[in-house]
Amino acid sequence: MNTQLYLITPPRIDLDIFADTLVTALDSGEIACVQLRLKDVDDDTVRRACEKLQPLVQDRDIAFVLNDRPDLAKEMGCDGVHIGQDDTPYKKAREIMGKDAIVGVTCHDSKHLAMIAGEQGADYVAFGAFYPTDTKQPKSKAEPWILEWWTTMFEIPCVAIGGITTDNATPLIEAGADFLAVCGGIWNHPKGVEHAVKHFNKLCE
Ligand SMILES: Cc1ncc(COP(=O)(O)OP(=O)(O)O)c(N)n1
Ligand SMILES: Cc1nc(C(=O)O)sc1CCOP(=O)(O)O
Ligand SMILES: [Mg+2]
């Protein structure tokens with residue numbers, strides 16, 4: 001399977017404007033997953049964003065994953081949740097989401113964390129940050145070899161994240177990333193989101 005594109009929303013959005021931008025991205029090429037990642041907003045803001053964005057994504061047969069909050073992900077009918085090492089523990093998140101939902105886990109640059117997540121039943125493990133990013137202050141710096149190591153050893157998909165752009169994605173694709181999780185590299189692409197999606201798709205061919 002080729003590397004697939006996993007979109008991460010900006011941490012703050014104007015919902016109506018972003019919904020249009022998201023549709024443009026979704027209709028520009030192949031996208032496997034969209035993660036709603038809003039930061040420092042209240043629960044109703046997350047609910048409203050789910051109500052508006054989730055149908056746009058799911059109607060196109062693309063997975064809609066919520067960051068951080070298995071409780072809200074379950075309530076809103078999301079396809080999955082992404083949890084970090086300081087979020088709801090995996091076991092609890094799985095209990096809330098049920099066995100068929102996607103539960104992805106941040107593993108930073110750690111083989112150990114990834115093996116634990118894999119053993120626990122994570123649907124994917126995420127490594128990062130591969131490159132400098134303005135989206136957040138990453139806790140770790142990952143190198144492409146960890147993707148190569150993971151894919152050689154395990155069947156569970158791995159996600160590469162952190163500062164990924166059309167200019168720097170190739171080493172991660174070559175190292176075997178199953179997914180590239182991208183925020184700024186899509187929404188802030190100088191030539192626009194349509195060009196960005198098409199270019200990422202081309203790199204992943
Ligand atoms: C696909 C993916 N990978 C990693 C993260 C980071 O999660 P976390 O470490 O919990 O940090 P925040 O995103 O919550 O700031 C992610 N969201 N998605
Ligand atoms: C949300 C997130 N998690 C990271 C990690 O290293 O775990 S890096 C990151 C930011 C992703 O946004 P961008 O594509 O703009 O860098
Ligand atoms: Mg988190």
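This passage describes the ligand site, its annotated residues, the residues T9 and L147, and the cysteines of a predicted model.

The surroundings of ligand 1 come first. Fifteen residues lie around ligand 1, written here as a count of 15. Among these 15, R37, K39, D68, T106 and K136 come nearest. Several side chains offer polar atoms to the ligand. An N or O atom in the side chain of Q35 is 3.0 Å from a nitrogen atom of ligand 1. An oxygen atom of ligand 1 lies 3.1 Å from a polar side-chain atom of N67. For T106, a polar side-chain atom lies 2.9 Å from an oxygen atom of ligand 1.

The UniProt record, an unreviewed entry, places the feature "binding site" at Q35, L36, R37, L38, K39, N67, T106 and K136. From this set, Q35, R37, K39, N67, T106 and K136 belong to the lining of the largest pocket. The unreviewed UniProt entry also gives the annotation "binding site" to D68 and D87. These two residues span 20 positions in sequence, yet their C-alpha atoms are no more than 6.1 Å apart, so they gather at one spot. Both D68 and D87 are included in the lining of the largest pocket.

D68 sits in the loop between β3 (63–67) and α3 (70–76). D68 counts as buried because its relative accessibility is 16%, below the 20% limit. Beyond its neighbours within four places in sequence, D68 is in contact with K39, V81, H82, D87 and T88. One of these contacts, that with K39, is also polar: the two side chains meet at 2.5 Å. D87 belongs to another loop, the one between β4 (80–83) and α4 (90–97). At 27% relative accessibility, D87 is partly exposed. A polar atom of the D87 side chain lies 2.6 Å from the backbone nitrogen of G84.

Two further annotated residues, R37 and L38, can be described in turn. R37 is found in the loop between β2 (33–36) and α2 (43–58). R37 is buried, with a relative accessible area of 10%. Residues up to four places away in sequence aside, R37 touches I8, T9, P10, P11, N67, T135 and K136. Among these partners, N67 and K136 also carry the "binding site" annotation in the UniProt record. L38 is likewise placed in the loop between β2 and α2. L38 is buried as well, at a relative accessible area of 13%. Its contacts, again without residues up to four places away in sequence, are T9, P10, P11, I13, T45, V46 and A49.

T9 appears in the contacts of R37 and in those of L38. T9 lies in the loop between β1 (4–8) and α1 (15–26). With a relative accessible area of 1%, T9 is buried. A polar atom of the T9 side chain lies 2.9 Å from the backbone nitrogen of R37. Residues up to four places away in sequence aside, T9 touches F18, V34, Q35, L36, R37, L38, C183 and W187. Of these, Q35, L36, R37 and L38 are among the positions that UniProt annotates as "binding site".

L147 offers another buried position. L147 is found in helix α6, which covers residues 145–153. Its relative accessibility is 0%, so L147 counts as buried. L147 touches F127, F130, C158, A160, L172, A175 and A177, with residues up to four places away in sequence not counted. A25 is 122 residues from L147 in sequence, and their C-alpha atoms are 26 Å apart in space.

The cysteines complete the description. Across the whole structure, the search finds zero disulfides. C33 is in no disulfide, and the nearest cysteine sulfur, that of C78, is 10 Å away. C33 counts as buried, at 6% relative accessibility. For C183, the closest cysteine sulfur is in C33, at 13 Å, so the pair is too far apart for a bond. A disulfide would need the two sulfur atoms within 2.5 Å. C183 also counts as buried, with a relative accessibility of 12%. C183 is one of the residues that T9 touches.

Technical notes:
Residues are numbered from 1 along each chain as its sequence is written. Chains are lettered from A and ligands numbered from 1 in the order in which they are written. This is a predicted model: local features need pLDDT of at least 70, side-chain atom pairs count only at pLDDT 80 or more; totals for chains, interfaces and linings use all residues. Side-chain values use heavy atoms; hydrogens and water are left out. Buried means under 20% relative accessible area, exposed over 50%, partly exposed in between (1.4 Å probe, protein chains only). Helices (H or I, at least four residues) and strands (E, at least two) are DSSP runs, numbered from the N terminus. A polar contact is a pair of N or O atoms within 3.5 Å; within protein, one must be able to donate a hydrogen and the other to accept it, and residues adjacent in sequence count only if both atoms are side-chain atoms. Contact means heavy atoms within 4.5 Å. UniProt positions are given in the numbering used here, feature names are shortened, and annotations may be inferred rather than shown by experiment. On a 1 Å grid over the protein atoms alone, a cavity is a set of points where a 1.4 Å probe fits but cannot get out, and a pocket is an open set with protein on both sides within 12 Å along at least five of seven lines; lining residues have an atom within 4 Å of a point. A residue is near a molecule or strand if one of its heavy atoms lies within 4 Å of it.
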